[in-house]
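Visitor: I am new to this structure and would like to learn how to read it. Could you walk me through it, one feature at a time?

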Amino acid sequence: MKRHKKALPIPEGFTQRDIKTESSTCTGEKTIGFYSAAEKKLLYAELVRSEDDIISFYEKYGLEYERS
């Protein structure tokens with residue numbers, strides 16, 4: 001029997017539209033998080049190794065990932 005984890009609340013001041021992925025120009029390493037325009041950086045960032053990691057990030061906050 002699989003347990004569903006309770007979704008985390010979206011951090012205050014952010015929406016689903018603030019979720020962005022970035023790639024390092026040096027290493028090509030990708031991260032996903034909530035983009036803060038004021039700080040010009042990703043907050044609550046996590047490493048992305050595959051599209052499954054992106055889907056997991058959305059699910060963590062109770063959001064549905066829409067493939068583009």
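Guide: Here is a short tour, from the overall layout to single residues. Please keep in mind that this is a predicted model.

Visitor: Which helices and strands does the chain have, and in what order do the elements run?

Guide: The chain has one helix and three strands. Starting from the N terminus, the elements follow the pattern β-β-β-α. Along the principal axes, the C-alpha atoms fill a box of roughly 45 × 25 × 20 Å.

Visitor: How should I read the sheet, and what is the order of its strands?

Guide: The general idea comes first: strands of a sheet pair through backbone hydrogen bonds, and the pairing is either parallel or antiparallel. In this structure the sheet is open, its three strands lie in the order β1-β2-β3, and the pairing is antiparallel. The edge strands are β1 (19-23) and β3 (41-48), each of which pairs on one side only. On average, neighbouring strands of this sheet are turned by 35° against each other, with direction ignored.

Visitor: How many bridges join β1 to β2, and how many join β2 to β3?

Guide: Five bridges join β1 to strand β2, which covers residues 30-36. In one of the β1 pairings to look for, serine 23 has lysine 30 in β2 as its bridge partner. Between β2 and β3 there are six bridges. There you can find threonine 31 opposite leucine 47 in β3.

Visitor: What lies between β2 and β3?

Guide: These two strands form a hairpin, with four residues between them. Look for lysine 40 in the turn, which has a positive phi of about 55°.

Visitor: Where does the helix sit, and which strands does α1 touch?

Guide: Helix α1, residues 51-60, packs on the sheet and touches β1, β2 and β3. The direction of α1 makes about 130° with that of β3.

Visitor: How do I find a nonpolar core, and which residues make up the largest one?

Guide: In soluble globular proteins, nonpolar side chains tend to be buried together. Here the largest nonpolar core has 11 residues: Phe14, Ile19, Ile32, Phe34, Leu43, Val48, Ile54, Phe57, Tyr58, Tyr61 and Leu63. At least two residues of this core come from each of β2, β3 and α1. The largest share, three residues, is supplied by α1. Over the whole chain of 68 residues, 24% count as buried.

Visitor: Could we look at one core residue: what does phenylalanine 57 touch?

Guide: Leaving out residues up to four places away in sequence, phenylalanine 57 touches Ile19, Ile32, Gly33, Phe34, Tyr44 and Glu46.

Visitor: How many aromatic pairs are there in the whole structure?

Guide: A search finds seven aromatic pairs. One of them is formed by phenylalanine 14 and phenylalanine 34, a tilted pair with 5.6 Å centre to centre and 45° between the planes. This pair links distant parts of the chain, since phenylalanine 14 lies in the segment before β1 and phenylalanine 34 in strand β2, 20 residues apart.

Visitor: Why is the pair of phenylalanine 14 and tyrosine 44 called edge-to-face?

Guide: The angle between ring planes decides, and over 60 degrees counts as edge-to-face. The planes of phenylalanine 14 and tyrosine 44 stand at 85°, so this pair is edge-to-face, with ring centres 6.4 Å apart. Here too the pair links distant parts of the chain: tyrosine 44 is in strand β3, 30 residues from phenylalanine 14. Ring pairs link Phe14, Phe34, Tyr44, Phe57 and Tyr61 into a cluster.

Visitor: Are these rings buried or exposed, taking phenylalanine 14, phenylalanine 34 and tyrosine 44?

Guide: A residue counts as buried under 20% relative accessible area. Phenylalanine 14 is buried because its value is 17%, and phenylalanine 34 is buried at 0%. Tyrosine 44, with 48%, is partly exposed.

Visitor: Let us end on serine 36: where is its place, and what does serine 36 touch?

Guide: Serine 36 is in strand β2, and this residue is buried, with a relative accessible area of 9%. Not counting residues up to four places away in sequence, serine 36 touches Phe14, Lys41 and Leu43.

Key
Residues are numbered from 1 along each chain as its sequence is written. This is a predicted model: local features need pLDDT of at least 70, side-chain atom pairs count only at pLDDT 80 or more; totals for chains, interfaces and linings use all residues. Side-chain values use heavy atoms; hydrogens and water are left out. Two strands pair if DSSP finds at least two bridges between them. Axes are lines fitted to C-alpha atoms, for helices over the stretch in contact, and angles run from 0 to 180 degrees between N-to-C directions. Contact means heavy atoms within 4.5 Å. A nonpolar core is a set of buried Ala, Val, Leu, Ile, Met, Phe, Trp, Tyr and Cys residues joined through side-chain atoms within 4.5 Å. Buried means under 20% relative accessible area, exposed over 50%, partly exposed in between (1.4 Å probe, protein chains only). Rings of Phe, Tyr and Trp (its six-membered ring) pair if their centres lie within 6.5 Å; planes under 30 degrees apart count as stacked, over 60 as edge-to-face and the rest as tilted.
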